[in-house]
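Q: Please take a close look at one part of this model, its largest pocket: which residues line the largest pocket, and how do they divide into nonpolar, polar and charged?

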Amino acid sequence: MQVQIVLYDGFDPFDVIGPFEVFAAGSDYLGGDLDVRLVSAEGPRRVVSGTRGLELAATAALDPALDGCVLVPGASGPVAGDPDEGVETIPVLLARAAQSELGALLQKAFDNSAVTVAGVCGGSVIMAMAGLIEGRHAVTHHLGLDLLDAAGVHAVSARVVDDGDLVTAGGVTSGLDLGLYLLDRWYGPRIAHAVEELFEYERRGTVWRNAGREPVEA
């Protein structure tokens, strides 16, 4: 199985590195059966994050035909500011990514029944801005839930939301929980638990799914 973690200009480093570490450790426990790589829509290149100019290298182009998972991180930068004055806020970075070639490639990934598309933090906002998840259930950082609602997405206030071939996580550190949940979903609890023990980290919260009884208002 292939996990492709997408880099784009202004990405949030922890949204990338957290899941990357989880999947890499899971791959070790699986004897290498899981391949994780950093990709970009444009192909191999150095990509500058939104945090202090930190760079990571995309080693390949995003290939939506590969079976497995495509993971889209959020962006890092100022929350407020005037774009007309050159301030690249997080919403500006996310919108730019959504309007780039990445949006079309993500559409192809959704069209591939053998691919799960995942988002951490603002990753789901990119999908929403690209018009890819209207009517779906998803989560993002709590400051961006209104952006999902505005795009016709059913925003859920949960740490991880499983909507079938779309799995999303909230703010920054929830990328760890998303990675562990996907390892559990794909390979079972033993692999996920082994990674939890290695990292001395336990998943938080209940994974929300559109299933089961509705709670009664108290």
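A: What follows describes the pocket and then turns to the cysteines and the annotated domain. This is a predicted model, in which local features need pLDDT of at least 70 and side-chain atom pairs count only at pLDDT 80 or more, while totals for chains, interfaces and linings use all residues. Residues are numbered from 1 along each chain as its sequence is written, and side-chain values use heavy atoms, with hydrogens and water left out.

The largest pocket (on a 1 Å grid over the protein atoms alone, an open set of points where a 1.4 Å probe fits, with protein on both sides within 12 Å along at least five of seven lines) holds about 300 Å³ of space, a volume being the space filled by probe spheres set on the points. Its lining, meaning residues with an atom within 4 Å of a point, numbers 16 residues, of which Val79, Ile90, His141, Leu143 and Gly144 are the closest to the centre. Helix α2, residues 90–99, gives the largest share of this lining, with three residues; helices are DSSP runs of H or I with at least four residues, and strands are runs of E with at least two. The lining divides into 10 nonpolar residues, five polar and one charged, where Ala, Val, Leu, Ile, Met, Phe, Trp, Tyr, Cys and Pro count as nonpolar, Asp, Glu, Lys and Arg as charged, and the others, Gly among them, as polar.

The structure holds zero disulfides, a disulfide being a pair of cysteine sulfur atoms within 2.5 Å, because the sulfur of cysteine 69 is 17 Å from the closest cysteine sulfur, in cysteine 121, too far for a bond.
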